[in-house]
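Here is a short tour to read alongside the model. Have the viewer open, and follow the headings in whatever order suits you once the start is done.

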There are 2 protein chains.
Amino acid sequence: MSRLLAIDWGSSALRGAVLGDDGAVLDERASTRGMLGIEPGGFAEVFEAQFGDWMDVPGTRCLMAGMVGSKQGWVEAAYCPCPAGLDDVAARLTRIDPGVAAKGRDIAIVPGISCEHDGVPDVMRGEEIKVFGALDLLGVDRAVIVLPGTHSKWATVEAGRIASFSTVMSGEFYALLRQHSILSRTLPEDDGALDTAAFDRGVAHAFEGHSLMQTAFSVRTLALFGRLTAVAMPSYLSGLVIGEELRCRPLDGVGEVVVIGAPVLAERFSRALGQRRIRVRTFGEEAAWRGLWAIAQRQPAGFAKGST
Amino acid sequence: MSRLLAIDWGSSALRGAVLGDDGAVLDERASTRGMLGIEPGGFAEVFEAQFGDWMDVPGTRCLMAGMVGSKQGWVEAAYCPCPAGLDDVAARLTRIDPGVAAKGRDIAIVPGISCEHDGVPDVMRGEEIKVFGALDLLGVDRAVIVLPGTHSKWATVEAGRIASFSTVMSGEFYALLRQHSILSRTLPEDDGALDTAAFDRGVAHAFEGHSLMQTAFSVRTLALFGRLTAVAMPSYLSGLVIGEELRCRPLDGVGEVVVIGAPVLAERFSRALGQRRIRVRTFGEEAAWRGLWAIAQRQPAGFAKGST
């Protein structure tokens, strides 16, 4: 059991990597065969087409995370409640029935994580492995970690376990305002370039303490009075949204935040957190492989043993 | 000059009323000929078709408010800066050139109002006449007034003048989440009925202090865990949005809020403000006619005199 096929199977993407005994990435593959495009019963076939040759190498087992473990996925992997650490997750793997997996392959799915605040539940699937990976790479057991995106996840780690987390729909709110709101009539195409001055101005305005429902209107009025150029609007709006996200987080006394995500988002979060004098450590997608590898280390004899 | 034709000409609707010398409404008309559907140069023709017979009665003059005074309207009426009261507005009417208006009619447009907070401007056009109307009907010169809607307007009135105001895009955010967000996949059609328990629950959750970007996700997770029925979702989401709107307003120490708007929205704001132990007085669209009448009283000799 020296080789691990680590898979992050999300709603719209399927990514895999072969890891050596020490966790080193030996090879990687990515495709657009996300969970949403796969019919019930069709997962085994997609898996074989993408990764069958890798699994045929003796001594290879596979650990998956992401929406593949949701109710609409291959097999449902029940949520692991917070606080959740590597041991908690490793003890709750859901094995793919060897009669369903081709050639009796040893494949298991990592559970998502759930928590509750004020009587309201929250969930994540797939982000938890990146959190564990970043902790392992940093060698720390306390951290505040954000995974920016359509639905950002903010995790607070204590004693090596995810103590709590929150989902913030910031990326989706930005897209809604860009594409469907009254602002979309005047906003130019977003070419992805960052106007740093406009972005910083948006962050600063958001920090002044109003709701995004109020600050978003300033995109319109600043333009109306000739105080914001059309080309700067997307960066300014991005600053308003990320600024609101940070304003509403309990970050007082937090000296450092770990940001896991694509470089373009990591840069924006670094700038915005800088306005609150918070240092940033960044990781990319490699954190996912490290997290799956760290979980697999907890089940050295194969996943069947620790499965439900 | 004993008859006033009062007109509220907005983006998507055109409403008019004939008022007697004492402000009593003698007759009303409404149409869908809002400003957005009218070509430049086409306003006089629409006006005549809708109201020409009323204006033909000797001694009738006309005062208009709303987007008809915007850059894309009939004639641009420059914004009146805050603080703005009846006298300020009455002194800044923009008269329609008698050569453009048919038969040399006496027609003027009320200016919109502007203000500025933290270097960010805000504007309203049309809501200010309802604020003035409500003040006149109440006989007060201090108030906190909200006009709920796609873009809610919150006005603080001191010494009879609008001291400041803010625009909150709450109605638009609700519509974006209903129609275009990930929540739209699971939200049933909104039949307009209010599930008061679900609404109150949403308001209470919003008051706990998170951003709508975070609380909106609870619609999804509560449903995922079977703690919110599908039919209750629209009311719960409405409570989250209106609760966020109220949470971000400086309402500490405010004992009463005047709500001007349609009964269905006024009811929701009354319920939500009730959770903060704030009393509510409500007015409907009649406030617009009263406001225009009160402005006209400041120019008894006809609008030409006070026009720019």
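## A salt bridge in chain A

R29(A) and D53(A) bring their side chains together in a salt bridge, at 2.7 Å from N to O. The term stands for a side-chain nitrogen of Lys or Arg within 4 Å of a carboxyl oxygen of Asp or Glu. This pair ties distant parts of the chain to each other: R29(A) sits in strand β3 of chain A, while D53(A), 24 residues apart from it, belongs to helix α1 (residues 43-55) of chain A. Helices (H or I, at least four residues) and strands (E, at least two) are DSSP runs, numbered from the N terminus. Over all chains, the structure holds 32 salt bridges.

## About the model

This is a predicted model, in which local features need pLDDT of at least 70 and side-chain atom pairs count only at pLDDT 80 or more, whereas totals for chains, interfaces and linings use all residues. Residues are numbered from 1 along each chain as its sequence is written, chains are lettered from A and ligands numbered from 1 in the order in which they are written, and side-chain values use heavy atoms, with hydrogens and water left out.

## The sheet of chain A

Strand β3 takes us on to an open sheet of six strands in chain A, with the order β3-β2-β1-β4-β7-β6 and mixed pairing. Two strands count as paired if DSSP finds at least two bridges between them. At the edges are β3 (25-31) and β6 (94-95) of chain A, each of which pairs on one side only.

Strands β4 (residues 60-65) and β7 (residues 107-109) of chain A run parallel and are joined by three bridges. To find the spot in your viewer, look for M64(A), which stands opposite I109(A) in β7(A).

## How the two chains meet

In the interface, 43 residues of chain B are in contact (heavy atoms within 4.5 Å) with 43 residues of chain A. Together the chains bury about 3900 Å², with 69% of it on carbon and sulfur atoms. Buried area here is the accessible area (1.4 Å probe) that two parts lose on being put together, summed over both.

Two salt bridges are found across this interface. E116(B) forms a salt bridge with R227(A), and their closest N and O atoms are 2.8 Å apart. Between the chains, 16 residue pairs are in polar contact, both residues being at pLDDT 80 or more. A polar contact is a pair of N or O atoms within 3.5 Å; within protein, one must be able to donate a hydrogen and the other to accept it, and residues adjacent in sequence count only if both atoms are side-chain atoms.

On the side of chain B that touches chain A, elements supplying at least two residues each include β12 (161-168), α4 (170-180) and α8 (233-247). The largest share, six residues, comes from α4(B).

## Symmetry

A turn of 180 degrees and a shift of 0.0 Å along the axis lay chain B on chain A with an RMSD of 0.0 Å. That is the relation of a two-fold axis. The superposition is by least squares on the C-alpha atoms of residues with pLDDT of at least 70 in both copies. Within chain B, L176(B) has the C-alpha nearest the axis, 3.3 Å from it. Both copies use the same surface, as 100% of the contact residues of chain B recur in chain A.

## Backbone details

A cis peptide bond joins C82(A) and P83(A), with omega about 0 degrees. P83(A) is in the loop between β5 (80-81) and α2 (86-90) of chain A. In chain B, the peptide bond from C82(B) to P83(B) is cis, with omega near 0 degrees.

One more residue to visit is A159(B), which has a positive phi of about 50 degrees although it is not a glycine. A159(B) lies in the loop between β11 (152-158) and β12 of chain B.
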